[in-house]
Amino acid sequence: MAEQDIKKGLTGVVVDYTSVSKVNPDTNSLLYRGYPVQELAARCSFEEVAYLLWNGELPTQDQLAEFTARERAGRALDPVVKQVVDVLPDTAHPMDVCRTAASVMGGRHPLAEDSSPEANMKKAIDLWAAMPAVVAYDQRRRRGQDPVEPRDDLGYSANFLWMTFGEEQVPVVVEAFNVSMILYAEHSFNASTFTARVITSTLSDLHSAVTGAIGALKGPLHGGANEAVMHTFDEIGIRPQESLEEAAARAKAWMEDALAQKKKVMGFGHRVYKHGDSRVPTMKAALDKMIAHYGRPEILGLYQGLEHAMDEAKGIKPNLDYPAGPTYHLMGFDTAAFTPLFVASRITGWTAHIMEQAASNSLIRPLSEYIGPEERHLA
Ligand SMILES: CC(=O)SCCNC(=O)CCNC(=O)[C@H](O)C(C)(C)COP(=O)(O)OP(=O)(O)OC[C@H]1O[C@@H](n2cnc3c(N)ncnc32)[C@H](O)[C@@H]1OP(=O)(O)O
Ligand SMILES: O=C([O-])CC(=O)C(=O)O
């Protein structure tokens, strides 16, 4: 048999059409339904971007009012979901909590077995509206704090921060969080979205597809990298009184040592972008604002020290998780809660793809080249 041209990891393989987003590594651009993500991050709320991803167009004022009212009505933590989360030990990873919560919400949804386009849209909005309460509650219970009720006078991002910290955050912090939600929302056929599409292709339901996608996102080669970035910063050592230059020098030395040991450093590199991630400049600008707001130049020193040393040694650029990790750290999130923030955002992109897959379905079932023993028989 002729040797097959196997594309390990499906590298470079185009498997379907999509109209949700376009990643162009040559021009370093990312379009959601045709709009550059940088423009959306500068001018829109996350609610508007969620509506765009699901409906293909930005909302009119009336549509936005109706849509935000639906989101606000779905924010409360379901007491049964809370009970299930409480059964998990507080040593359970927050991504396991999210995955479990998504599954429970699926089992409890009144339209659980209905995968019509209308039911899927409703389930997507419900899941998106409900996930911040899970993420916020989980961080609070680990800290021994009581849950905080949602506030329907606040937008999605302000309310998310309110439920997590129990204090209203200043606009510059809310804005940086809103930017991160928009940038994390969608990225074509990445591993977790592809997982969701594979599950959908069997005619399984939306919550099953999202639950599987959360599992795929957890790994450090994908969404788990934003958490891993902070572990790197912690390993180097965060010293709040240190100058930018001193921190940068220690980070540079750490990176040189890591690369000499042939380590993979999370937060760098990307399967599609080879000259830098289109979202990094926008996220880095948000990080810079947080560094200025919280007065933490040493974080910038660590960031720059690692980035420059990696660039000099290997020419590998940061991905979105690199600036997102320290941004969430400065805002006060626990490191293990960073990837659940990615989940809360990416629910929009995943479910847009689930609905696209369902509307034009073909079972996803590739082939493999067998390399095990030749046919043999029991003695
Ligand atoms: C939002 C997101 O999900 S973005 C991705 C988040 N993931 C990470 O940050 C994890 C760290 N990065 C990586 O592991 C990789 O860059 C990936 C998995 C993201 C993409 O990798 P691939 O396209 O499969 O490239 P691959 O892993 O084969 O790397 C190519 C070369 O660059 C090196 N390389 C790539 N990324 C890194 C890194 N972060 N640190 C050190 N070396 C790296 C590899 O070691 C390899 O070198 P070699 O050719 O000498 O063996
Ligand atoms: O596209 C990818 O492979 C990973 C990524 O950046 C994302 O999912 O946001």
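## A contact made by His270

In this predicted model, the side chain of His270 comes to 2.9 Å from the backbone nitrogen of Val272. His270 itself lies in the loop that runs between helix 12 (244-260) and helix 13 (280-294).

Once the neighbours within four places in sequence are set aside, the residues in contact with His270 are His187, Asp277, Arg279 and Asn319. The relative accessibility of His270 is 22%, and because the partly exposed class lies between 20% and 50%, His270 is counted as partly exposed.

## The annotated active site

His270 is one of two positions, the other being Asp321, at which an unreviewed UniProt entry places the feature "active site". These positions span 52 residues in sequence, but their C-alpha atoms are no more than 10.6 Å apart, so they gather at one spot in the model.

## The surroundings of Asp321

Asp321 is found in helix 15, which covers residues 321-331. With a relative accessible area of 7%, Asp321 is buried, because that value falls under the 20% limit for this class.

The side chain of Asp321 makes a polar contact with the side chain of Tyr184, at a distance of 2.4 Å. Tyr184 is also among the residues in contact with Asp321 when neighbours within four places in sequence are left aside, and that list further includes His222, Gly223, Ala225, Asn226, Val229 and Phe342.

## The two positions together

Taken together, the two annotated positions have their own settings: His270 is in a loop and is partly exposed, whereas Asp321 is in a helix and is buried.

Technical notes
Residues numbered from 1 in each chain as written. Chains lettered and ligands numbered in written order. Predicted model: local features only at pLDDT ≥ 70, side-chain atom pairs only at ≥ 80, totals over all residues. Heavy atoms only, no water. UniProt positions renumbered as here; feature names shortened; annotations may be inferred. Helix = DSSP H or I, 4+ residues; strand = E, 2+ residues; numbered from the N terminus. Buried < 20%, exposed > 50% of the residue type's maximum accessible area, 1.4 Å probe, protein only. Contact = heavy atoms within 4.5 Å. Polar contact = N/O pair within 3.5 Å; in protein donor to acceptor, adjacent residues only side chain to side chain.
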